[in-house]
Amino acid sequence: MAEFPTTARVVIIGGGAVGASCLYHLAKAGWHDCVLLEKNELTAGSTWHAAGNVPTFSTSWSVMNMQRYSTELYARLGAEVDYPMNYHQTGSIRLGHSIERMQEFERARGMGLYQGMDLEILATDEIKARYPFIETHDLQGALFDPNDGDIDPAQLTQALAKGARDLGARVLRFCPATGIDRSGDEWIVKTDKGDIRCEHVVNAAGYYAQRVGEWFKPFGGRTVPMMVMSHQYLLTDEIPELEAWSREVGHKLPLLRDVDSSYYLRQEKHGLNLGPYEGNCRAHWIEPGDPMPEDFSFQLYPDDLERLEWHIDDAIARVPILGAGGVNKVINGPIPYAPDGLPLLGPMPGVPNAFEACVFTFGIAQAGGAGKVLAEWITEGGTEWDMWACDPRRYTDYTDPDYCIAKGMEVYGHEYAMHFPRHEWPAGRDRKLSPVHDRIRALGGVMGAYNGWERANWFARPGDDTSEAATRTWNRAGPWEPRIREECEAVRDACGILDLPGFSRFNIEGPNAADWLASRITGVVPRVGRIGLVYFADERGRVLTEMSVVRHRDDLMTLITAAAAEWHDFDLLASALAGVDGVTLTNRTRDYMTQILAGPGSRALLGDLCDADLAQPWLTHQATEIAGRWARLVRVSFTGELGWEIHTKTEDTATVFDAVWQAGQAHGLKPFGMYALDSLRMEKAYRAWKGDLSTDYTMLEAGLERFVKFDKPQDFPGKSALLAERQRGPAKRFVTLKVETGAADAPYMSTIRHDGQIVGETTSGAWGYRVNASLALAMIRADLATQGTVLEIDIYGTPHRATVQPDGPLWDPANERLKA
C-alpha cells in the first residue's frame, strides 16, 4: 500500500465526476502531485444516481463551451485512458410548442454553429421521421443536437480517475476531509489518516459543498450559496414495440426533451427513462426536523410519484408507448442547486488559493469542461473562455438560506424556462434596497435585481401592464417600450435622474497607493481632483475589469465599479496587494449611494441646490452640500449627456434625493431606469462589463488602445502580450453596427456572417432612441472592421443586414453635449 501523502500541490475534496475531472485535467497539465479525497467510494454522491444525460444546449456562452467540450472529451476518453465506457451519442430532439420557444432554439443554434456544433431546426414532419412514436399535432418544431446523448456516470468517473492515476495523481477513497487550517502560504487539509499540506484546495464536495465551505470562514470565506433539491426519474419495464424498432434500425431513439412540459424522456435499453422537473417540487435538508445526514453515500429519498402525475400523463400523451411499460424503478436523489441553477466554478471568494468546483445541477454534462476550466484557473491563473456565468464571486452577501431555497426551487420548477430579456424572476427579491426605494416605486419604478440591489428598470404609468406575463417575449415591443423612449427623450431634452444603489467602491490609501495602482492598470492614474477610467488586464492582455478612479489626494483614491463586480474586483485588488507595504484596501460599497443626474437641464438644476463650481470640466469631481448634507459631484455621465453622478452617504441619500427631485420639477426632471441607460450607453459605444468587456477579448480587440500606455515607467500585467499583439495586429476588432432589424434587437452572442462565413459575434444590442435605430456592439474579424462594411446578423434565426459604423459614438460623436 502506498504511503499516505503528507504534501501535495492541490487537494481536491470530493470524488464525484467533477472532482475526478479536476484531478485528471490537473494531471494532464503537468501537475501530477495532486490528491483527491473521497469520504466513501468514488461516485457516492449525486454522481451515482445521476441519469447521465450529456446535452450541449445552453443559451449561456460559457456553459455551452463547457458542455461542448465535455461531449468532445467523452467521445475519446475511453481510448485515451484505456477504460471501457458506455457513451451513447444518440442525438436529442428538443420540442418547441410556441414561436417564442423556436426563437430560443434558433438563437442556440446560431451559438452552436459558431462553436462548431451542427445543431439543426426540425419541422414537425421531420420530428416524426426521427422519433416515430411521438405525437406532433400541437408542436411548432424542434431543435436537433446530434452530439447529445447519455453516459454511464460511474464509468465516466472511474475513467477520469484512472487517467489521473496513470499520470501520477493520487485518489484516496474512504478518506474524508475533516477540516482545514492554514500555515503561512500553505493549506493544511485534515483527515483521520493524517494532514496534507498543499498550495491549493478545491471544494468539489457536491451537495456537501456548503458544509465544507464553512471550514474556510475563518480565512475569509462565506457560506456557500446553495440548497438541495429532490429530483426523481423513473425507469419503465421493457417495451416490446420499442425493442422491435431498435433491433430493426440498429440504434436507440434520440433523447427527447419536452421543455415546455418540463421533462426529458430517454431510451434505457428497451425501456424508457422519464425525468420531470415539476413545479410542485421539494427541497430537502432545510428544516430542523430534516437535517442533512453526516453521510448520505449511495442513498436515496423515498419515492414521491404523486408530484410527477401531471408530467407522466403529459409524457404518455406525447409518446403513447410510454404507457405500455410499467414502472420498474424510481430514483429519487439529492441534487445541489445554486440560486441561478449554474455551478460554482472558480476562485473561492475572499480566500487565497482556494477554489470551488461544486453545486453542479448537471454535473455529468459539465464535468469534463469543469475540469478543464478549474485546471486552467489553478495552473495558468486564468481560463480560455470567460467563465463569469459560473464564477462563485457573482454572488455576494445577500444569499442567505431563505434566498437560496426560494431561488433554487424557482429554478428547478422552471428548469427549461426561457430567459427573456425583459423578464424578472419573482423569488428572492428585495434583498438590498436603496434608501429611496419606496420613492422610486411610488414614481412607477418596475424593479430589477442587480447583485441583490433593487433598481428601476423602467417607470410605468397608470394602466401600463406590469405583469410578469407581459415580459415573456424576445421582442422589443411591450408596455415598457414607449416609456423607455420617453425616459431617453427626457434625458436628451431636459434632465433625468436614476437612482443607482450598489455601485461597488473601494478605497486604496497610503504613500505607495498611486504607484502600486499604476503598476496594475494598463493606463495612468488620474491627477488629484480628477476622475479616470482604468482597465486591468490579465497576463494575456485580456480585459479583467474596468474601474473609475476618483483621486482625492496623492495618497487616497476611490475605485468604483459595477455592482455585480463587488467580490470579483475586491478579490482582484486584494490578491494583487498581498505582501505590498504602504497600501490599504477598504470596501466602502455599503457606505455610499449614487444618483445619476443627466441632461442639458442638469447644470441649472444643481445650480439651484448648491454652491459647487458647476463650470468645472468633464472628468472632475468636487465636494459640496445639498440640503445641508455632504455630497460629491462627479462630472461623468454614462448617458452621453451633460451630467453628474451625485454620491452621498447612505444615511443622507433620501434627504439629497428629495431636494433634487423637488427642485427638478422646475427643470423638467423625470426618473429614468436601467433599460433607458442601456439604450443611451449603446449610442455612445460605452462598453458594459462581462458583456462587451470580458476575458474573451484583449484590450486591443476591445478597441481600448487609448487606455493602454506602453511608454509609462511602470510595467503592468499583459504588457508584453499586448506589445506582441500590437505588432502582429489584433485578430478581432470592436465595432458598432447599425442593424436593419425587425421586432427584436440582437441579443448577446448573436452570430455574425460575411459572405456566408461566420466572422464574429454581438456582445450587446438595443434600440437607440436618440439615433432612431437598432444598434449592436460586436466583435468581428479585424479586416472587416471598417466603416461601411455590410454584414449579416442572425437574430433568432432571421438574418438581418448590419453596417459597420464610424469608430466612436453615434450620438454626439464629438462629445460636445457631454462636455458642455
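Let me start with one pair of strands: β29 and β30, the latter spanning residues 629–634, run antiparallel and are joined over six bridges. Within that pair, H621 sits opposite V634 of β30. Before going further, please keep in mind that this is a predicted model.

That pair belongs to an open sheet of six strands, in the order β29-β30-β31-β28-β22-β32, with mixed pairing. At the edges are β29, residues 621–626, and β32, residues 669–671, each of which pairs on one side only. Neighbouring strands in this sheet are turned against each other by 30 degrees on average, ignoring direction. As a general reminder, side chains in a regular strand alternate between the two faces of the sheet.

Now the domains. The chain is divided into domain 1, made of 7–212 + 225–337, then domain 2, 592–678, and domain 3, 731–819. Taken over C-alpha atoms, the centres of domain 2 and domain 3 are separated by 32 Å. Their contact takes nine residues from domain 2 and eight residues from domain 3.

There is also a record to mention. The UniProt entry, which is unreviewed, annotates residues 9–377 as "domain: FAD dependent oxidoreductase". In the model, the end C-alpha atoms of residues 9–377 lie 14 Å apart, and the span is 31% helix and 27% strand.

Next, the interior. In soluble globular proteins, nonpolar side chains tend to be buried together. Which residues touch the most other members of the largest nonpolar core? They are Y337, M699 and L704, out of 51 residues in that core. Several elements supply at least two residues each, including the helices α3 (61–81), α4 (99–114) and α11 (401–413). Among the strands that do so are β12 (227–236), β17 (327–337), β24 (531–537) and β36 (773–781). Why does this core lie between domain 1 and domain 3? Because both domain 1 and domain 3 give residues to the core.

A second core, separate from that one, has 49 residues and includes Y24, L36, F360 and V373.

Back to L704 for a moment. Setting aside neighbours within four places in sequence, L704 is in contact with Y535, V543, R687, L693 and M699. M699 is thus a contact of L704, and both are listed with Y337 as touching the most other members of the largest core.

Last topic: backbone angles. Three residues are on my list.

The first case comes with a hairpin. Strands β20, residues 445–450, and β21, residues 453–459, pair in the antiparallel sense over six bridges. Y450 has W453 of β21 as its bridge partner. Two residues lie between the strands of this hairpin, and N451 in the turn has a positive phi of about 50 degrees.

The next case is F174, which is not a glycine but has a positive phi of about 50 degrees. F174 is in the loop between β8 (170–172) and β9 (177–183). With a relative accessible area of 44%, F174 is partly exposed.

Then there is N772, also not a glycine, with a positive phi near 55 degrees. Where is N772 placed? N772 is in the loop between β35, residues 757–768, and β36. Is N772 buried or exposed? N772 counts as exposed, because its relative accessibility is 51% and the cut-off for exposed is over 50%.

That is what I have for today.

Notes
Residues numbered from 1 in each chain as written. Predicted model: local features only at pLDDT ≥ 70, side-chain atom pairs only at ≥ 80, totals over all residues. Heavy atoms only, no water. Pairing = 2+ DSSP bridges. Helix = DSSP H or I, 4+ residues; strand = E, 2+ residues; numbered from the N terminus. Axes fitted to C-alpha atoms, helices over the stretch in contact; angles between N-to-C directions. Core = buried A, V, L, I, M, F, W, Y, C linked by side-chain atoms within 4.5 Å. Buried < 20%, exposed > 50% of the residue type's maximum accessible area, 1.4 Å probe, protein only. Domains from an automatic or database assignment. Contact = heavy atoms within 4.5 Å. UniProt positions renumbered as here; feature names shortened; annotations may be inferred.
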